[in-house]
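Please examine the structure shown here, beginning with one helix and its surroundings and moving on to the contact between chains.

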Amino acid sequence: MIKILIVDDEKPICDLIDLNLSAAGYECTSVQDGMKAIELIDKEKDEFDLILLDIMLPGADGYDVMDYIRPLGIPVIFITAKHEVKDRVKGLKLGADDYLVKPFEIVELIARVEAVLRRYNKTEKLLRAGDVVIDVEARRVTKAGKPIVLTNKEFRLLRLFVENKNVALFREKLYEKVWEEEYFGDSRTLDLHVQRLRRKLGWEQNLVAVYKVGYRLEVTE
Amino acid sequence: MKFSFKLLLWTMIVMAISLGFSGFYFVNYVFETSLEREIGQAADENSILRFAFETAALNVPVKYGMLQDDTVEQVASNLEGAQDVGRLLRISDEEKNILYASDGFEADEALLAQTGESIKAYRVINMDGKYYINTGSTVNALDRMLYLETLKDVSEVFSERTTGFKVYRRMTILMLVVGVVIMHIISSWLTKPIKLLTKATRRMEAGDYSYRAKKVSDDELGQLTRDFNRMAAALEDNINMLEEEIQAREDFVGAFAHELKTPLTSIIGYADMLRSRKLDEEKSIMSANYIFTEGKRLETMSLRLLDIIVTRRGEAKFQYTAVGSIFEYIRDTFSEKGNFRFEYNYDDGVVWAEADLIKTVLVNLIDNACKASEQDGLIEVSGQANDGYYYFTVRDHGEGIPYEEQAKITQAFYMVDKSRSRSRNGAGLGLALCAEILSLHESALEIDSEPGVGTSMSFALTLTDERKEAQEYEEDKEVKEGETDN
């Protein structure tokens, strides 16, 4: 299982990230102090696969912690309220893999985490949802062992649903993530793609429409 | 055109004109005096010759009772030859026919027309590039009246004038050249303060506000330089002040954005989770609770900010306030707080203040003291009248403030221990508000803290003698009302 360390001085934010990442299948540990974070990393050197780091921290600030982490080669995503370009550049120059500005949306956080883990080849290569198995690298989908042919957009849509199991995904978000364009209320395209996914995967019951929101993939683990 | 060049040019023009005029006048004056003298001499000579002629004519033996033409000729040539100076003369008879003329006497006879009995005449003539004075008079010898003319060479006087002009012209040119050099030096020396000022202006324009012009003279330009520097200093101060103000404002906005975003992240995140995920009851309640508490935190922050803004606007209602009432209020407010031991100890006195604001300051200070103290910690609230001031002091025996943080704690959003302060609903604005209120009262917060021992926060207000002040106040009011009546 992939282990993630969350360092943020705000307990509510730690809990928020913890809850969502745990639901996405990660194991999370959180601390609220820079020095404690360093101690913890020191103690369990190779344990963490990813560190989410705030910058303004009591004890040692995020940049100090980053200095400490860099030689260990653990990927880091800064999560901070500092939004100015110079802060971002400083964070990235110090060796962070990504930079997420508060306030952020959960989907965004999960996508960034996935992206960084993928870059480090730490993601599970096979995503599962029921009897559907997705080989991300090979871009191959099977259902009960039988290969399913999907278009590029359908594949991306499927992956988004599987990465956010049991989470209602908003139309805007889906559209923006899959089509990489701004959503202008034209839901026909999206509906058609979801319809096709349902048919191809036999997910008429699992891919449910959520009234006034969008869609949710419901699978029992 | 450069000012120094203008100065140089005009000086040169004036100098050339005055040198030219004075030179012309001087040379001419010398010439005219010389000519006058020569004319005088010529006239004298003429008289001498006439006399000599008349004398000579008397001595000549007279034939036929009258002076013969050839006799005249003889006498004239004698006169001419007698003085070996190349004297030129001409003698004409009554009908103005020439009887005798020296060699080279080639002047026309125009002068004879002007000459008459007892009328002497002279003129200056130019013959073949030479100048002569031509004089004419009448000679009475026996019964004849003859005309005697002389010619005196005065070319020298004229050539002296020409030489004079030439020399003077050369002198003038030389003087002008020397003048240009000297005036150039003088004008650049005179305009040096202007150059230095211009340089200073350029430097300041380029943003170097600390540059000052060098003062090189004590005259009006030196005065100008000094005034300019004084202005530059004032300007620099203002700019520095503005920059500091801008920096402070930027810091404030930055801190504000950060403090705003932190609760917003939680609120948005948990709300997002609630709307998109099926959560069990425990998690739903936790999420809702976080949204509530973080919302409350935003509320506290916005109220405090509002307080600060209102205070900054300075719309406080000052009045005479007995400190006793303030302390009573504080005692009531904190009587409910059982976790701490409060000790009150104060003198009586009256201060000129906005009571509600001073209460706010004390409540904030005591709140901070509580935050720093352990359970059952002692918090001392005291007031002392001393030397015309009333000192309010809040002392705790808590953890103290690290020395390096003490200067920063009145900055907005600054928190010594963030996580601890947050857990007690602090926004980091309390002391900033206190500082604003106190600056409105022309006072300031004094912090005396030792880590591990405790903190003492105090401020002073001017103590007033109520009756006296009240009387003055009333008088003031009457005067003002009187003014408005008029």
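The paragraphs below treat a helix of chain A, a helix pair of chain B, and the contact between the two chains.

This is a predicted model, in which local features need pLDDT of at least 70 and side-chain atom pairs count only at pLDDT 80 or more, while totals for chains, interfaces and linings use all residues. Residues are numbered from 1 along each chain as its sequence is written, and chains are lettered from A and ligands numbered from 1 in the order in which they are written.

Consider helix H2 (residues 34-43) of chain A, where A:Gly34, A:Ala37 and A:Ile41 are buried (20 or more other C-beta atoms lie within 10 Å of the residue's own, against 12 or fewer for exposed and in between for partly exposed, with C-beta atoms placed from the backbone). These buried residues lie on the same side of H2(A), because they cover an arc of only 55° around the axis; the arc is that of the directions from the helix axis to the C-beta atoms. An α-helix has 3.6 residues a turn, so residues three or four places apart point the same way. A:Asp42 and A:Lys43, on the other side of H2(A), are exposed.

The buried residues of H2(A) pack against strand E1 (3-7), strand E2 (27-31) and helix H3 (62-69) of chain A. Helices (H or I, at least four residues) and strands (E, at least two) are DSSP runs, numbered from the N terminus. The axes of H2(A) and H3(A) are 9 Å apart, at an angle of about 15°; axes are lines fitted to C-alpha atoms, for helices over the stretch in contact, and angles run from 0 to 180 degrees between N-to-C directions. That angle makes H2(A) roughly parallel to H3(A) (under 35 degrees). To this contact (C-beta atoms, placed from the backbone, within 7 Å), H2(A) gives A:Gly34, A:Ala37, A:Ile38 and A:Ile41, and H3(A) gives A:Asp64, A:Val65, A:Tyr68 and A:Ile69.

In chain B, helix H7 (residues 281-313) and helix H11 (residues 430-440) have axes that come within 9 Å and cross at roughly 15°. H7(B) and H11(B) are therefore roughly parallel to each other. Among the residues that meet are B:Arg304 and B:Asp307 in H7(B), and B:Glu436 and B:Leu440 in H11(B).

Finally, the contact between the chains takes 21 residues from chain B and 19 residues from chain A. On the side of chain B, H6, H7 and H10 each give two or more residues, and the largest share, 13 residues, comes from H6(B).

Note on methods: Parallel < 35°, antiparallel > 145°, perpendicular 65-115°, else oblique. Contact = placed C-beta atoms within 7 Å.
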